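Q: Please take a close look at the empty space in this model, that is, its pockets and any enclosed cavity. What lines each of these spaces, and how does the chain around them fold?

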Amino acid sequence: MRAIDFHVHLPTPEWLDASLEGYVEAAEAYFRSKVARKSLEEVAREFRDLDVTAVLLAWDAETATRRPRLSNEFVAGAVRDYPEVFLGFGSVDPHKGKKAVAELDTIKELGLKGVKLHPSLQAFDPSDEAYWPLYERCQALGLACLFHTGTSGIGAGQPGGQGIRIDYGRPILLDPVAAAFPRLQLVAAHFGYPWHVEMLAIALHKTNVWIDISGWAPRYIPSEVVRELKGRLQDRFLFGSDYPFIQPERCLDELSELEIPGPVMDKLLIHNAKRLLEIE
């Protein structure tokens, strides 16, 4: 295995044309990348050819966006059909309250490894204790929580950012969650830019916080992040691309130019993710 890509969206019509209806064009402009619709088989073949395992992300922001979810069952089906190349995270809409908490048991039963949450798109403050039953159940079930942090390519460059608030993605909002639930593994996607120094401080303080580097071409990753990735936090960084908006092959090529020592690169690409997900 060349790498585990911890942040992969499915460019199928179910996600691009339903869950993200009206949002795709702004994201494509932000990433300067046109996204082609693909079947599960095509995506599986692409990652197989790269020798990369993809962590697929479900999507449920129905309350805030009024758009249908990409279901946990859909992602679990993809993992079941292509187990040699796919792992999966489910998703719940925090605004659904007890129904969302109950759905976590289904996610566990489906064999998914964690839960993807997107505070900006789902329009919720992750530090609000109203959502703590969600985290408590994730902790009990051993489900990792992957949070979008920082700015958002979705809504970028649009009037009002299409109503999306990026302040919900500020990393400091995860700090009280990590403090209250020390056995809950929290993954902060995209290293929280422009609050990336804040993100690094939280990860240095709390060992149940991990950082994925997705959403950025590696050549543009801020120097403070690269320094900690190579140094004190080398055991808690995770490789991710944000496919289909950024291609994993590009990310792997550009990472090779950052003078990351071999053992640290191995941790970033494979071993940290295996340890977090408790897989061989």
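A: In this predicted model, the secondary structure of the protein chain amounts to 13 helices and eight strands. The chain has a radius of gyration of 17 Å, close to the 19 Å that the globule rule gives for 280 residues, so it is as compact as a globular protein of that length. Along the principal axes, its C-alpha atoms fill a box of roughly 45 × 40 × 40 Å. Of the 280 residues in the chain, 60% are buried, and among contacts with a separation of 6 or more, 79% join residues that lie 24 or more positions apart.

One element of this fold that can be followed in detail is strand E1, residues 3–8, which is largely enclosed by the rest of the structure because six of its six residues are buried. E1 pairs in the parallel sense with strand E2, residues 52–57, over four bridges, and within this pairing Ala3 of E1 has Val52 of E2 as its bridge partner.

Turning to the empty space itself, the largest pocket holds about 470 Å³. Its lining consists of 27 residues, and those nearest its centre are Tyr30, Phe31, Gly215, Trp216 and Ile246. Sorted by class, this lining contains eleven nonpolar, twelve polar and four charged residues.

The second largest pocket has a volume of about 290 Å³. It is lined by 17 residues, with Gly142, Leu143, Leu276, Leu277 and Glu278 closest to its centre. Two helices, H8 (132–141) and H13 (262–277), each supply at least two residues of this lining, whose residues divide by class into nine nonpolar, three polar and five charged.

Enclosed space is a separate matter from these pockets. With a threshold of 30 Å³ or more, the count comes to one cavity, and the volume of the largest cavity is about 40 Å³. The residues that line this largest cavity are Trp59, Asp60, Ala61, Ser91, Lys116, His118 and Gln122. By class, the cavity lining comprises two nonpolar, three polar and two charged residues.

Taken together, the spaces described here are a largest pocket of about 470 Å³, a second largest pocket of about 290 Å³ and a largest cavity of about 40 Å³, set in a chain in which buried residues make up 60% of the total.

Notes
Residues are numbered from 1 along each chain as its sequence is written. This is a predicted model: local features need pLDDT of at least 70, side-chain atom pairs count only at pLDDT 80 or more; totals for chains, interfaces and linings use all residues. Side-chain values use heavy atoms; hydrogens and water are left out. On a 1 Å grid over the protein atoms alone, a cavity is a set of points where a 1.4 Å probe fits but cannot get out, and a pocket is an open set with protein on both sides within 12 Å along at least five of seven lines; lining residues have an atom within 4 Å of a point. Grid points are joined across faces, edges and corners, and a volume is the space filled by probe spheres set on the points. Ala, Val, Leu, Ile, Met, Phe, Trp, Tyr, Cys and Pro count as nonpolar, Asp, Glu, Lys and Arg as charged, and the others, Gly among them, as polar. Buried means under 20% relative accessible area, exposed over 50%, partly exposed in between (1.4 Å probe, protein chains only). Two strands pair if DSSP finds at least two bridges between them. The radius of gyration is taken over C-alpha atoms; the globule rule is 2.2 Å times the number of residues to the power 0.38. Contact means heavy atoms within 4.5 Å.
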